[in-house]
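Reader: I would like to learn how to read a protein model feature by feature, beginning with how strands are paired. Could we take the general idea each time, and then the case at hand?

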Amino acid sequence: MAATCSILPKGQPLYRNAVKLQVARRFSDKGWFQSMFVHEVEARKDAHSNLLSKSETSDLYKIQFHNVKPECLEAYNNLEAEVQSKLHLDQDYPCDVVGSWNTWYGDQDQAVHIWRYTGGYPALTECLTKLNNNKEYLHFRKERSKMLVSRRNQLLLEFSFWNEPTPRNGPNIYEMRSYKLKPGTMIEWGNHWARAIKHRQEKDEAVGGFFSQIGDLYEVHHLWAYKDLQSREETRNSAWQKEGWASSVYYTVPLIRSMESRIMIPTKSSPLQ
């Protein structure tokens with residue numbers, strides 16, 4: 001269940017644990033001129049990934065963006081569903097499919113997949129080792145490559161204050177809002193959203209929130225579920241009527257370098273419907 005409080009104890013804003021640059025103003029025997037260029041870096045207590053992620057789990061997430069040849073999208077979805085089902089149900093592989101979608105509005109002919117590796121990086125390594133020795137999977141990759149135009153992925157951690165992404169009944173549409181933040185602002189983003197998320201729980205629209213560890217860095221993905229586009233509009237508009245939402249938007253917008261919204265339709269095999 002999503003927490004509604006700040007990540008740090010009350011009265012201690014998260015960004016105070018971030019790196020602070022302080023200009024040294026002391027005069028030494030090396031002279032005042034050199035002191036103008038000396039910076040002292042205050043030591044951080046922990047990596048921002050540890051401050052922001054869920055300490056009770058060691059789950060690692062992978063998000064995949066596959067741009068598919070338009071004429072191959074149906075065949076691609078069928079092939080992915082077959083392979084995902086086998087991996088999802090096979091307990092020898094410490095991974096499971098969180099969700100799979102085709103982009104409806106945004107990049108066309110695109111498939112998006114989110115995987116969860118229970119056990120973190122060791123689980124990811126174990127899966128990759130087993131898959132590279134799995135002849136059936138290697139054949140799948142060869143066939144899949146014929147259908148793709150391009151692909152990219154990221155490794156992600158889950159924000160501690162967001163909902164756990166669990167299977168949902170449909171039908172739903174999903175929106176993935178991706179934010180590229182200014183370097184050094186992830187802690188501040190988390191501090192504001194730890195309070196803001198409480199304004200977006202009323203209709204159970206919050207699915208999951210993630211931040212990147214490998215791949216494009218300082219990128220955040222928020223995943224939302226709605227009945228349709230009209231309910232999306234109504235739900236988003238209602239947030240502005242709640243005290244505190246406007247200030248959360250006000251303080252987080254300056255942290256963003258760019259942002260993108262995808263409206264996605266779940267594939268037939270997706271646990272998130």
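Author: Let us begin with pairing: two strands count as paired if DSSP finds at least two bridges between them. What follows concerns a predicted model, whose protein chain has 8 helices and 10 strands.

Reader: With that rule in mind, how many bridges join strand 4 to strand 5, and in which sense do the two strands run?

Author: Strand 4 and strand 5 run antiparallel and are joined by 7 bridges; one of the pairs to look for is D96 with its bridge partner R116 in strand 5. The two strands form a hairpin with 4 residues between them, and G106 in the turn has a positive phi of about 130°.

Reader: Which strand pairs with strand 4 over 4 bridges?

Author: That is strand 10, residues 256-266, which pairs with strand 4 in the antiparallel sense. On the structure you can follow Y105 to its bridge partner I263 in strand 10, and N102 to I265, which stands opposite in strand 10. Strand 10 also pairs with strand 7, residues 173-181, in the antiparallel sense and over 8 bridges, with M176 having R262 as its bridge partner.

Reader: When I look along a strand, what should I expect of the side chains?

Author: In a regular strand the side chains alternate between the two faces of the sheet. Burial is a separate matter, and a residue is called buried when its relative accessible area is under 20%.

Reader: By that cut-off, why is strand 4 described as largely enclosed by the rest of the structure?

Author: Strand 4 spans residues 95-105, and 9 of its 11 residues are buried, so the strand is largely enclosed by the rest of the structure. Helix 6, residues 186-196, is likewise largely enclosed by the rest of the structure, because 9 of its 11 residues are buried; the buried residues in helix 6 are M186, I187, W189, G190, N191, H192, W193, A194 and A196. For the protein chain as a whole, buried residues make up 45% of the 273 residues.

Reader: How would I read a single residue in the same way, for instance H221: is this residue buried or exposed?

Author: A useful order is to place the residue in its element, then to check burial, and then to list the contacts. H221 lies in strand 9, residues 219-226, and because its relative accessibility is 1%, this histidine counts as buried. Leaving aside neighbours within four places in sequence, the contacts of H221 include I63, F65, Q154, L156, M176 and R177. S178 is also in contact with H221, and the side chains of these two residues are joined by a polar contact of 2.7 Å. The C-alpha atoms of H221 and F211 are separated by 6.3 Å, although the two residues are 10 apart along the chain.

Reader: And across the protein chain, what share of the contacts between residues at least 6 apart in sequence join residues at least 24 apart?

Author: The share is 80%.

Reader: Let us turn to empty space: how many cavities of 30 Å³ or more are counted?

Author: The general idea is that a cavity is space where a probe fits but cannot get out, whereas a pocket is open. Here the count comes to 1 cavity of 30 Å³ or more, and the largest cavity has a volume of about 40 Å³. Helix 3 gives the most to the lining of the largest cavity, with 5 residues, and the lining as a whole divides into 2 nonpolar, 6 polar and 1 charged. E80, which lies in helix 3, is among the lining residues of the largest cavity, as are S100 and H113. At 5% relative accessibility, E80 counts as buried; apart from neighbours within four places in sequence, E80 is in contact with H66, H113, F140 and R144.

Reader: What, then, is the volume of the largest pocket, and which residues are closest to its centre?

Author: The largest pocket holds about 470 Å³ of space, and of the 26 residues that line this pocket, K62, Q64, L128, Y137 and N153 are the closest to its centre. Among the elements that give two or more residues to the lining are strand 3, helix 3, helix 4 and helix 5, while strand 6 gives the most, with 5 residues. The lining of the largest pocket divides into 13 nonpolar, 7 polar and 6 charged residues.

Key
Residues are numbered from 1 along each chain as its sequence is written. This is a predicted model: local features need pLDDT of at least 70, side-chain atom pairs count only at pLDDT 80 or more; totals for chains, interfaces and linings use all residues. Side-chain values use heavy atoms; hydrogens and water are left out. On a 1 Å grid over the protein atoms alone, a cavity is a set of points where a 1.4 Å probe fits but cannot get out, and a pocket is an open set with protein on both sides within 12 Å along at least five of seven lines; lining residues have an atom within 4 Å of a point. Grid points are joined across faces, edges and corners, and a volume is the space filled by probe spheres set on the points. Ala, Val, Leu, Ile, Met, Phe, Trp, Tyr, Cys and Pro count as nonpolar, Asp, Glu, Lys and Arg as charged, and the others, Gly among them, as polar. Buried means under 20% relative accessible area, exposed over 50%, partly exposed in between (1.4 Å probe, protein chains only). Contact means heavy atoms within 4.5 Å. A polar contact is a pair of N or O atoms within 3.5 Å; within protein, one must be able to donate a hydrogen and the other to accept it, and residues adjacent in sequence count only if both atoms are side-chain atoms.
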